[in-house]
Amino acid sequence: MTDDNARPQGMETAPEGNSPDGAGPPPQDMRLLTLVVVGMGVVLVIGFAFVVGVLIYRSSGDTKTVEHPKGYFGTHDVDVARGQKVRAMNMTDDRMAVLVGSDSAEEIVVLSTKTGAELGRFRLNPVSGLAAR
C-alpha cells in the first residue's frame, strides 16, 4: 500500500541538527541568523545617518558672509573711452557725477551711489570757440 502522505523510509524521526518538524534550521541557528540580520540592519541605519549628516554639513557649512557697511553696492564698471581720463567728480547723497574727457571730447557720467548703476551720460559738445578751449 502506498500513501501520498507517507514519508520516505528513514525519515520518520527528525535528523540531527534540524527542527523537530523538519521545516528549517534548529532554534540555536535561528538565533544566530536573527542576530546577524539585525546587526546588518543596524549597520545600514548608521551608514545612512552618516551620509545624511555629511550632506547636511556640506550644504550648510563653509559659507562665509562678509558684512559690508550700509549703502555698499559692490564693484561696478563705468565705461570710459580710450584716452579719456577722470577730470572731476561731484557727489550728493544719492548721485555721483564724474567728468571724464580727453583733448577732443568730454562727458559727465551720472551714477547712483545706492546701487552703483549708471543713470545717464551728458556729452559736452563744443559749439563755439569759447567752449572748445
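This passage describes the helix, strands and nonpolar core of a predicted model. Local features were taken where pLDDT is at least 70 and side-chain atom pairs where pLDDT is 80 or more, whereas totals for chains, interfaces and linings use all residues. Residues are numbered from 1 along each chain as its sequence is written, and side-chain values use heavy atoms, with hydrogens and water left out.

Secondary structure was assigned from DSSP runs numbered from the N terminus (helices, H or I, at least four residues; strands, E, at least two). Helix α1 comprises 34 residues, 27–60. The distance from its first C-alpha to its last is 49 Å, close to the 50 Å expected at 1.5 Å a residue, the expected span being 1.5 Å times one less than the number of residues. The number of buried residues in α1 is 0 (buried, under 20% relative accessible area with a 1.4 Å probe, protein chains only).

Strand β1 (residues 85–91) likewise lies largely in the open, because 0 of its 7 residues are buried. With strand β2 (residues 95–101), β1 forms an antiparallel pair over 6 bridges, pairing requiring at least two DSSP bridges. A hairpin of 3 residues connects β1 to β2, and M91 faces M96 in β2.

The largest nonpolar core (buried Ala, Val, Leu, Ile, Met, Phe, Trp, Tyr and Cys residues joined through side-chain atoms within 4.5 Å) consists of 5 residues: M96, V98, V100, V109 and L111. At least two of these come from each of β2 and β3 (106–112), and β2 gives the most, with 3 residues. Beyond its neighbours within four places in sequence, V100 has contacts (heavy atoms within 4.5 Å) that include V80, V86, A105 and V109.

Methods. Buried < 20%, exposed > 50% of the residue type's maximum accessible area, 1.4 Å probe, protein only.
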